[in-house]
Amino acid sequence: MSEPANARAAALPHLRDKRFAKGDPIPLPLTMAAIYHTPGDATGFDQYGRFSNPTWDAVEHMLAHLEDAPCVAFPSGMAAICSVFFGLLKAGDRILLPADGYHTTRALADRFLKPFGVTYDMRPTSTFLDDGFDGYRLAFVETPANPGLDICDIAAVADAAHKAGALLAVDNTTMTPFGQRPLDHGADIVVAADTKAPNGHSDVLFGHVASRNADIIAAVTGWREISGSIPGPFEAWLVHRGLETLDVRFDRMCSSADVIARRLKGHGAISGLRFPGLESDPSHNLARAQMERFGFLISFELASEEKAEDFINNCALMQAATSFGGVHTSAERRSKRGDAVSAGFVRLSVGCEPVEELWKAIEASLDKISG
Ligand SMILES: Cc1ncc(COP(=O)(O)O)c(C=O)c1O
């Protein structure tokens, strides 16, 4: 990692130190509270559990440190995306979405924005910049996109979107702030599902919005307070705990993914291999320019649905599961979720197992379907 990223990682577990009084617990106390003691004028104090919570504050402080921007926490990645759409858009607005990104974002636009008079178009991530952004209020990208791992140039999209009067939001779920910081490349908004690597233990859903624009932060905070789309304090506490080890887990996962992608490349059962870290990947040069690491997701195709199922289910160190970014290596055939990919398309999320053991298990399972 670069020196600034290392400095951020080093400071992360010490953010609360400055406020310690003698005898305070070093780990974050969990505050489960719907109400607070508020005699007289309560301005500036915690008042009600839908407005604020000290455990949210602590996790938002960590996320803000990583994003170098104010952050607002939400109960899931989709709740964070909803806050951007419903907090910022109005009837008559047009937005642009990735055609190959997380399918639920498109479903949200189709089923819930359209009836409110917000229309949307879609473009492939790899050609997102083509045709410009005239007439759009918001361009929303996911880079690398889940599950195909195509990439777009965040700085170029931000520049063109701004010239056309549009805002740029980036879903940074596949990378985390240790892998990529879209705000540094000119994006107005980051949304992310902290359900994935930031929490890392596959036991809670969580999300956040980051922005250096105070009006945007006010809008999504207002949406959270009024809609009641609030994170549970215990979930926030678990994400805070997960963030304390994100740097270590992410480092292991990205390094292992690099080793595994290079070995998969030489395996006869695999076609259509995608990993931004491979020099042969169509996204590699762009990835190198805007990403700090190449991530822990790999995608590829096996010859059939049956072979892909067998590969996943027979691998001793792989969970057959949707989602990604957990300590356990996991994989899913994405056509199961309706993504426009072949029946044998597999998205692999490399976990924290020692890489040589993991590779042995992956190779054994691949050899079995090849035999
Ligand atoms: C890229 C991306 N964005 C957003 C989400 C939604 O996150 P959540 O499931 O926490 O709502 C996901 C979930 O898989 C995702 O992959």
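**Loop between strand 4 and helix 5**

I looked up Leu 149 and found it in the loop between strand 4 and helix 5. The model is predicted, and I read every value with that in mind. Phi of Leu 149 is near 65 degrees, a positive value in a residue that is not glycine. Most residues other than glycine have a negative phi, and most peptide bonds are trans. I then asked: is Leu 149 buried or exposed? Its relative accessible area is 3%. Leu 149 is buried because that value is under 20%.

I stayed in this loop for its prolines. Pro 144 has its place between strand 4 (138-142) and helix 5 (154-163). The peptide bond from Thr 143 to Pro 144 is cis, with omega near -5 degrees. Pro 147 lies in the loop between strand 4 and helix 5. I checked the bond from Asn 146 to Pro 147 and noted cis again, with omega near 15 degrees.

**The sheet**

I traced the strand order next. The sheet is open, has seven strands and runs 1-7-6-5-4-2-3, with mixed pairing. Why do strand 1 and strand 3 each have one side without a neighbour in the sheet? Strand 1 (71-74) and strand 3 (119-123) stand at the edges with a single partner strand each, so one side of each is left free of a neighbour in the sheet. On average, neighbouring strands of this sheet are turned by 20 degrees against each other, direction ignored.

I picked one pair for a closer look. Strand 5 (residues 167-171) and strand 6 (residues 189-193) pair in the parallel sense, over three bridges. Val 170 has Val 190 of strand 6 as its bridge partner.

Which strands does helix 7 lie across? I noted strand 1, strand 5, strand 6 and strand 7 (207-210). Helix 7 (residues 214-227) runs at about 25 degrees to strand 1.

I also stopped at Ser 202, in the loop between strand 6 and strand 7. Ser 202 is not a glycine, yet its phi is positive, about 55 degrees.

**Helix 11 on helix 12**

Last, I looked up a helix pair. Helix 11 (residues 305-314) and helix 12 (residues 355-370) pack at an angle of about 145 degrees, and their axes are 9 Å apart. The crossing of helix 11 past helix 12 is right-handed. From helix 11, the contact takes Lys 307, Asp 310, Phe 311 and Asn 314. From helix 12, I listed Ile 362, Ser 365, Leu 366, Lys 368 and Ile 369. I sorted the contact residues by character: four are nonpolar, two polar and three charged.

Technical notes. Residues numbered from 1 in each chain as written. Predicted model: local features only at pLDDT ≥ 70, side-chain atom pairs only at ≥ 80, totals over all residues. Heavy atoms only, no water. Pairing = 2+ DSSP bridges. Helix = DSSP H or I, 4+ residues; strand = E, 2+ residues; numbered from the N terminus. Axes fitted to C-alpha atoms, helices over the stretch in contact; angles between N-to-C directions. Contact = heavy atoms within 4.5 Å. Buried < 20%, exposed > 50% of the residue type's maximum accessible area, 1.4 Å probe, protein only. Left-handed = near helix turned anticlockwise from the far one by under 90°. Nonpolar A, V, L, I, M, F, W, Y, C, P; charged D, E, K, R; others polar.
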